[in-house]
Amino acid sequence: MASDVLIAHLLEHSVRQGDFTLKSGRRSRWFIDSKQTACRPDGILAVADAALEIIPATTTTIGGLTMGADPVAFGIAADRKSTRLNSSHTDITRMPSSA
């Protein structure tokens, strides 16, 4: 399964064990920096493959918050299996902020 490949990639590149102080000030023995997976070519394709396994076949658009979803949306768009999204191209547009 694609999720097994993604989990293996996350464990190898993104999960760290040690003594960490989080932004909140709390301490943790675990730190997960998923950008270490999402910003690697093989990692983003693992994310895209896992997402495509659970995205309904009727889906025509992929989007999300620009603060983290961009690599995922681009990875899905780049994944050759994503042609089922029924589009000859993919537009990813940032919506204007209401604030």
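## The buried side of helix α1

Let's start with helix α1 in this predicted model. Its buried residues are A2, L6, H9 and H13. They cover an arc of only 65 degrees around the axis, so they sit on the same side of α1. What do these buried residues pack against? Their partners are β1, α2 (35-38) and α3 (41-54).

Now look at the opposite face of the helix. Turned away from the buried side, α1 carries the exposed residues L11 and E12. V5 also belongs to α1, and with a relative accessible area of 52% it is exposed, because the cut-off for that is over 50%. V5 and D49 are 44 residues apart in sequence, yet their C-alpha atoms are 9.1 Å apart in space.

## Helix lengths

Helix α1 covers residues 2-13, which makes 12 residues. From its first C-alpha to its last it reaches 16 Å, close to the 16 Å you'd expect at 1.5 Å a residue.

Helix α3 has 14 residues and reaches 21 Å between its first and last C-alpha, close to the expected 20 Å. Its buried residues are G43, I44, A46, V47, A48, A50, A51 and L52.

## The hairpin

Time to move on to the strands. How do β1 and β2 run relative to each other, parallel or antiparallel? They run antiparallel, and 5 bridges join them. Together they form a hairpin with 5 residues between the strands. In that turn, G25 has a positive phi of about 95 degrees.

Across the hairpin, F20 stands opposite S28 in β2. S28 counts as buried, because its relative accessibility is 19% and the cut-off is under 20%. Which residues does S28 touch, if you leave aside its neighbours within four places in sequence? The contacts are G18, D19, F20 and L22. There is also a link within the stretch around S28: a polar atom of its side chain lies 2.7 Å from the backbone oxygen of W30.

## An aromatic pair

You can describe a pair of aromatic rings by the distance of the centres and the angle of the planes. How many aromatic pairs are counted here? The count comes to 1. The pair is F20 with F31, 5.6 Å from centre to centre and with 35 degrees between the planes. That makes the pair tilted, because planes under 30 degrees apart would count as stacked and those over 60 as edge-to-face.

Why does the pair tie together parts that are 11 residues apart in sequence? F20 lies in strand β1 (residues 15-21) and F31 in strand β2 (residues 27-32), so the pair links the two strands. F20 is partly exposed, with a relative accessible area of 22%. F31 is partly exposed too, at 33%.

## The whole chain

Let's zoom out. The protein chain has 4 helices and 2 strands. Starting at the N terminus, the order of elements is α-β-β-α-α-α.

How much of the chain is buried? Of its 99 residues, 27% count as buried. And what about contacts between residues far apart in sequence? Among contacts with a separation of 6 or more, 51% come from residues 24 or more positions apart.

Conventions
Residues numbered from 1 in each chain as written. Predicted model: local features only at pLDDT ≥ 70, side-chain atom pairs only at ≥ 80, totals over all residues. Heavy atoms only, no water. Phe/Tyr/Trp six-rings, centres within 6.5 Å; stacked < 30°, edge-to-face > 60°. Buried < 20%, exposed > 50% of the residue type's maximum accessible area, 1.4 Å probe, protein only. Pairing = 2+ DSSP bridges. Expected span 1.5 Å × (residues − 1). Arc of directions from axis to C-beta. Contact = heavy atoms within 4.5 Å. Polar contact = N/O pair within 3.5 Å; in protein donor to acceptor, adjacent residues only side chain to side chain.
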